[in-house]
Amino acid sequence: MNVLNVLVVDNDTQFRSVVVDLLENLGYRASAVAGGQAALRILDLPFNLVLTSSRMLFMTGEELAQQIQAQKGIPVIIMTSFLTEEEKLAITETGSFILMKPFGLEGLREAIIQATLPPPP
């Protein structure tokens, strides 16, 4: 079985570190960068999933998800503590998944399972 390789994108250093630790506790490989531009620069690496904050400097999680979908077509989970209905609709229209903060190990595991399930036939 291949190990999932996850990219974590968030401008909060401490939060990135916590998410990477959670992912590694779940048995995944995890790398982290501080923002959307940095994520786009390394997208040619073999990531299977991206976890990104919804609100970052210079690029929102939604904008990043749109670019990732256009370039790579890999699943994106947007982590957030607050969403308006309009933001929620915009995120789901990109094909991305939403993970509400705060979350723990089980919440993260469930979001990853949902995001990486093969689409129904």
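**Figure 1. Packing of helices H1 and H5 in the predicted model.** In this predicted model, the axes of H1 and H5 cross at roughly 75°, an angle within the range of 65 to 115 degrees, and the two helices are therefore roughly perpendicular to each other. Their axes come within 10 Å. On the H1 side the contact is made by Leu22, Leu23 and Asn25, and on the H5 side by Leu105, Leu108 and Ile112. Five of the residues in this contact are nonpolar and one is polar, while none is charged.

**Figure 2. The largest nonpolar core and the surroundings of leucine 23.** The largest nonpolar core holds 20 residues, of which Leu23, Leu51, Ile77, Leu108 and Ile112 touch the most other members. Two or more residues are given to this core by each of strand S1 (5–9), helix H1 (13–25), strand S3 (49–53), strand S4 (76–80) and helix H5 (105–116). When neighbours within four places in sequence are left aside, leucine 23 is in contact with Val6, Val8, Tyr28, Ala30, Leu51, Leu108 and Ile112. Apart from this core lies another, of 19 residues, which includes Leu40, Ile68, Val76 and Leu83.

**Figure 3. The aromatic pair of phenylalanine 15 and phenylalanine 103.** The count of aromatic pairs in the model comes to one. The ring centres of phenylalanine 15 and phenylalanine 103 are 6.1 Å apart and the ring planes stand at 85°, so the pair is edge-to-face. Distant parts of the chain are linked by this pair, since phenylalanine 15 belongs to helix H1 and phenylalanine 103 to the loop between strand S5 (97–100) and H5, 88 residues apart. Phenylalanine 103 has a relative accessible area of 18% and is buried, the cut-off for this class being under 20%.

**Figure 4. The cis peptide bond between lysine 101 and proline 102.** Lysine 101 and proline 102 are joined by a cis peptide bond, with omega at about -5°. In general, most peptide bonds are trans. Proline 102 is located in the loop between S5 and H5, the loop that also holds phenylalanine 103 of the aromatic pair.

**Figure 5. Valine 9 of strand S1 and threonine 52 of strand S3.** Valine 9 is placed in strand S1 and threonine 52 in strand S3. With a relative accessible area of 0%, valine 9 is buried; threonine 52 is likewise buried, its relative accessible area being 0%. Residues up to four places away in sequence are not counted in the contacts of valine 9, which are Val33, Gly35, Gly36, Ala39, Val50, Leu51, Thr52, Ser53, Met56, Leu64 and Met79. By the same exclusion, threonine 52 touches Val9, Gly61, Leu64, Val76, Ile77, Ile78 and Met79. Valine 9 and leucine 64 are 55 residues apart along the chain, and their C-alpha atoms are separated by 9.6 Å.

**Figure 6. Methionine 59 in the loop between S3 and helix H3.** Methionine 59 lies in the loop that runs between S3 and helix H3 (61–71). Its relative accessibility is 4%, and methionine 59 therefore counts as buried. Beyond its neighbours within four places in sequence, methionine 59 is in contact with Gly36, Gln37, Leu40, Leu64 and Gln67. One of these partners, Leu40, is a member of the core of 19 residues. Methionine 59 and valine 76 are separated by 17 residues in sequence and by 15 Å in space, C-alpha to C-alpha.

**Figure 7. Lysine 88 of helix H4.** Lysine 88 is found in helix H4, which comprises residues 85–93. A relative accessible area of 41% makes lysine 88 partly exposed, as this class lies between 20% and 50%. Its contacts, leaving aside neighbours within four places in sequence, are Leu83 and Ile98. The C-alpha atoms of lysine 88 and isoleucine 98 are separated by 8.0 Å, with the two residues ten apart along the chain. The other partner, Leu83, is among the residues of the core of 19.

Conventions: Residues numbered from 1 in each chain as written. Predicted model: local features only at pLDDT ≥ 70, side-chain atom pairs only at ≥ 80, totals over all residues. Heavy atoms only, no water. Core = buried A, V, L, I, M, F, W, Y, C linked by side-chain atoms within 4.5 Å. Buried < 20%, exposed > 50% of the residue type's maximum accessible area, 1.4 Å probe, protein only. Helix = DSSP H or I, 4+ residues; strand = E, 2+ residues; numbered from the N terminus. Contact = heavy atoms within 4.5 Å. Axes fitted to C-alpha atoms, helices over the stretch in contact; angles between N-to-C directions. Parallel < 35°, antiparallel > 145°, perpendicular 65-115°, else oblique. Nonpolar A, V, L, I, M, F, W, Y, C, P; charged D, E, K, R; others polar. Phe/Tyr/Trp six-rings, centres within 6.5 Å; stacked < 30°, edge-to-face > 60°.
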